[in-house]
Amino acid sequence: MNNAVEIQELVKTYGPKRILNRLSVEIPAGTVTALLGPNGAGKSTLFKILVGLAHADAGQVRVLGEGPSWRQNADIAYLPDRGHWYPFQTVGQAIAYAEQVFPRFNRAWADQMAAFTGLDLTMKVSALSKGQEARLQLLLCLGREAKLLLLDEPFSGIDLVSRERIIETLVLTMSERQDQTMVISTHEIAKAESLFDHVVFIDHGKIIQAERTDDLRSRRQSVESTYRRLFH
């Protein structure tokens with residue numbers, strides 16, 4: 001399988017507003033792909049369609065060779081832009097619960113990443129800072145050995161140290177799991193740019209540019225400079 005995701009002429013409307021407007025794109029398998037665009041461009045809606053939380057009005061979607069459905073729950077790990085865990089649990093209890101409910105959850109790896117990111121297993125989720133909660137949400141998502149990881153704004157609104165720890169965790173994860181595909185939507189482009197193998201720019205529900213980051217750099221362009229050119 002050369003592509004983890006294949007989309008053709010995708011349309012999604014909410015009321016009178018067309019969120020995705022005949023969107024077509026391919027996400028290469030085994031890459032870290034950035035999905036970049038301004039607020040309201042359609043990124044979160046696209047993620048929800050890929051995991052089966054929303055349904056397209058028209059077009060074709062293939063995820064890991066199939067149409068989106070509950071049957072792919074074991075193969076897709078999704079980190080939404082606004083996620084929460086049970087506040088009464090400790091970090092350790094949250095990891096143990098994830099092991100019970102998520103298919104192919106690597107408990108040993110999650111415990112290791114908790115230590116690496118500075119999370120105390122005995123600390124209550126309700127007592128975590130926003131940055132600490134973001135680290136927990138990420139390791140619960142990455143702890144799943146899924147074929148496709150979809151991360152919606154994993155760096156949003158968190159402190160510098162947490163952002164650096166999250167990026168380090170992503171680097172470690174992808175270096176260990178060469179067969180995984182990761183798609184990251186973020187506005188923190190400069191901080192995360194070194195992660196990206198492939199980049200997709202989206203605006204008003206359409207893909208306006210998609211290519212390998214090496215091709216951008218061969219033209220002495222960065223992902224950030226290309227974003228500024230397209231959207232400013």
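## The enclosed strand β7

All five of the five residues of β7 are buried, so the strand is largely enclosed by the rest of the structure. This is a predicted model. The burial covers both faces of β7. Thr181, Val183 and Ser185 lie on one side. Met182 and Ile184 lie on the other.

β7 has parallel partners in β3 and β6. Strand β3 (residues 32–36) pairs with β7 in the parallel sense over four bridges. Within that pairing, Val32 has Met182 of β7 as its bridge partner. β6 and β7 also run parallel, joined by five bridges. Here Leu151 stands opposite Ile184 in β7.

## The six-stranded sheet

β7 belongs to an open sheet of six strands. The order is β5-β6-β7-β3-β8-β9, and the pairing is mixed. Which strands stand at the edges? They are β5 (76–79) and β9 (206–212). Each has a single partner strand, so one side of each is left without a neighbour in the sheet. From one strand to the next, the twist averages 15 degrees.

At the β5 edge, the partner is strand β6 (residues 148–152). The two pair in the parallel sense over four bridges. Tyr78 has Leu150 in β6 as its bridge partner. Helix α4 (residues 130–142) lies across β5, β6 and β7 (181–185). The helix runs at about 170 degrees to β5.

## Helix α2 and its packing

α4 also meets another helix, α2: the buried residues of α2 pack against α3 (107–116) and α4. Which residues of helix α2 (residues 91–101) are buried? They are Val91, Gly92, Ala94, Ile95 and Ala98. Seen down the axis of α2, these buried residues fall within an arc of 160 degrees, so they line one face of the helix. An α-helix has 3.6 residues a turn, so residues three or four places apart point the same way.

## The three-stranded sheet

A second open sheet has three strands, in the order β2-β1-β4. Its pairing is antiparallel. β2 and β4 (58–63) are the edge strands, and each pairs on one side only. The twist averages 15 degrees from one strand to the next. Helix α1 packs on this sheet and touches β1, β2 and β4. The direction of α1 makes about 115 degrees with that of β1.

β1 and β2 run antiparallel and are joined by nine bridges. Thr13 has Arg18 of β2 as its bridge partner. The two strands form a hairpin with two residues between them. Gly15, in the turn, has a positive phi of about 65 degrees. On the β4 side, five bridges join β1 to β4, again antiparallel. Ile7 takes part in both pairings: its bridge partner in β2 is Val25, and in β4 it is Val61.

## The internal cavity

How many cavities of 30 Å³ or more does the model hold? The count is one. The largest cavity has a volume of about 70 Å³. Its lining consists of Val5, Ile7, Val25, Ile27, Leu35, Leu46, Phe47, Leu50, Val183 and Val200.

β1 (3–14), β2 (17–28) and α1 (43–50) each supply at least two residues of this lining. The largest share, three residues, comes from α1. The bridge partners Ile7 and Val25 are both among the lining residues. So is Val183, one of the buried residues of β7. The cavity lining therefore draws on α1 and includes Val183, with β7 itself largely enclosed by the rest of the structure.

## Arg229 in helix α8

Is Arg229 buried, partly exposed or exposed? Arg229 is found in helix α8 (residues 223–231). At 49% relative accessibility, Arg229 counts as partly exposed, because the exposed class requires over 50%. Setting aside residues up to four places away in sequence, Arg229 touches Gln209 and Gln221.

Technical notes:
Residues are numbered from 1 along each chain as its sequence is written. This is a predicted model: local features need pLDDT of at least 70, side-chain atom pairs count only at pLDDT 80 or more; totals for chains, interfaces and linings use all residues. Side-chain values use heavy atoms; hydrogens and water are left out. Two strands pair if DSSP finds at least two bridges between them. Axes are lines fitted to C-alpha atoms, for helices over the stretch in contact, and angles run from 0 to 180 degrees between N-to-C directions. Contact means heavy atoms within 4.5 Å. Buried means under 20% relative accessible area, exposed over 50%, partly exposed in between (1.4 Å probe, protein chains only). The arc is that of the directions from the helix axis to the C-beta atoms. On a 1 Å grid over the protein atoms alone, a cavity is a set of points where a 1.4 Å probe fits but cannot get out, and a pocket is an open set with protein on both sides within 12 Å along at least five of seven lines; lining residues have an atom within 4 Å of a point. Grid points are joined across faces, edges and corners, and a volume is the space filled by probe spheres set on the points.
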